[in-house]
Amino acid sequence: MRSVPDVLSGAAGQIKMSNQLLGIATLWQREMVRFYRDKSRVIGGLVPPVIFWVFIGSGFSGSFRVGTGDGMNYMVYFFPGIITLIFLFTSVFSNMSIIEDKVQGFMQSVLVAPVPRYVIVVGKVFGSTTLAFIQALPFLVIGYFAGINFRAEMLFEMVIILFSIAFVLSSIGFIVAWVLDSSQGFHAIMNMFLMPMWLLSGALFPLENLPVWLEWMVKVNPLTYAVAALQRVIFDPGLITTLPTMRQCYIVIFVYCAVCFLGALFVANRGNNR
Amino acid sequence: MDAVRISGLRHSYPKTDTEVLKGISLSVPERLIFGFLGPNGSGKTTLFKILSTLFVSTSGSVEVFGINTSRNPYEARKLIGTVFQFPSIDLKLTVDENLRHHGHLYGMRGEELNSRIDEQVERFGLLEKRAEFTGKLSGGQRRRVELAKGMIHSPKLLIMDEPSTGLDPSARLSLWETLCELKESSGVTILLTTHLITEAEKCDRLAILNKGEIIASGSPKKLKGEIGGDILTVSSHSPLEFISRYKEKYGGNPVQLNGKVRVEHENGYRLVPELVDAFPDLVDSITYGKPTLEDIFALRTGRSFWSGGADKNE
């Protein structure tokens, strides 16, 4: 069995760097082409979040108050949560193809090609990340026309946050897909985690006065920090006292990036003598 | 130089005690079609996965053209083309796109790759189909795309797991024509696993696998020559009595398989009337034949090739 450090350094050194990059690029490109050809995925990834935003958004608008103040538009508050939702679903579920590919399909031939396993991880994770951006772009445009005021420096920061969180989520999707062997199982497991993760991220409403155990779940949830960071970028959170600082957000998200990506490398490099 | 040298190969799956491969040693000479014949559960697929570098064996070693596959997997992989039992082409991509992605994974690019793809689609008769989605092709055509894909980097060794799975009889025939032609024109060594006797007969060399061990190897002709005589299959309402009385009279080693008695004899055709004369009340019918690979399996293992639960019609 080859371990992670071995593949990162030793054995992989036998292959020219340019060939490794070519491998990553070709796997990434395949993700793009497959996505583009699957129109139902394009629609399915965008329309439900928009409907969510409009329906839930208009429903809650009337009763939404932050702290003692008022004047915050709920549609604006909810906007970062919906972008996160699009990223969540796109980046996690685009990894589902790994399951079919691995048992019978394309992945078999990738596994016997002269490329180190990390190439598969990077190709797939960057592929999912890119897809999440493509999916979210129309929503950002809708948001702009709905009155959210994007400035250039805001966009830059949003890209960094979104890229990192997509990276985290794709890596998690990769790990679960690689370990499981049924796509039904993948759906079941991911749904069990994804919706609660999203609901406990502060996407729908500020998380204040929670019981301790719930507060902890909020604190370890990477989405909390993505949503908080986006909220800080998009509007002035003012009175939401529980929101982590920008610095905390970046630190936590980057740590999650590193941990999840290493986790994905680790599972991909385990021997598959099973 | 041998294309493949396997020595002392053992494999058991993690968390199990059963050994799937029990010490296999074997050499495969270059430029041959070499078959591993065995019933289901004989360890063929595990062997295939180790040879294709998908698995690392528990112990023992595999060398492909002198390169150790577990110590130098990437070097070895460049020499090996693999065709899986289950399709590995992407059905949402065209023939060309499939070949292009695969070429990239082997470090090929640009003009080199383009001309190689042109060559491959022509060699495997896919010229008119190259822009089509592979999902729209027939089973036989898809298998040809698999072959084109496996051969894209001009490997010296092509390994295939049950290559005719899911093909109709005419597609099987044309697959074999393609394989023989491929061996002649490109000098590639082809190693395949099969559970089909008829397919095994077409190989240049064979190794017969049973429960993780090689029980016989050589050319199909040589293997059948080992039996020496003819094979008589006697059906009797009381096989055990027939066997004991046969042994009293002729000696030898008759075996009971699937309720019938199998007898090996040098001049089988002369024995037929004799047996009917000698045991009129014990012989219901007699079939006479030359030995087949099935007989070799039965002779060496004392059980029928199909008793593992494999479907004979498959």
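**Where chain A meets chain B**

Put chain A and chain B together and they bury about 3200 Å² between them, 57% of it on carbon and sulfur atoms; buried area is the accessible area (1.4 Å probe) that two parts lose on being put together, summed over both. Keep in mind that this is a predicted model, where local features need pLDDT of at least 70, side-chain atom pairs count only at pLDDT 80 or more, and totals for chains, interfaces and linings use all residues. Residues are numbered from 1 along each chain as its sequence is written, chains are lettered from A and ligands numbered from 1 in the order in which they are written, and side-chain values use heavy atoms, with hydrogens and water left out.

So who touches whom? On chain A, 33 residues are in contact with 36 residues of chain B, contact being heavy atoms within 4.5 Å. The rule also finds three salt bridges across this interface (a side-chain nitrogen of Lys or Arg within 4 Å of a carboxyl oxygen of Asp or Glu). Look for A:R34 and B:D90, whose side chains meet in a salt bridge at 2.7 Å, N to O.

Which elements of chain A do the touching? Two or more residues each come from α2 (17-37) and α6 (106-111), and α2(A) gives the most, with eleven residues. Helices here are DSSP runs (H or I, at least four residues), numbered from the N terminus.

Now hop over to B:D277, which sits in helix α10 (residues 268-278) of chain B. B:D277 counts as exposed because its relative accessibility is 65%, and exposed means over 50% (1.4 Å probe, protein chains only).

How values were computed
Buried < 20%, exposed > 50% of the residue type's maximum accessible area, 1.4 Å probe, protein only.
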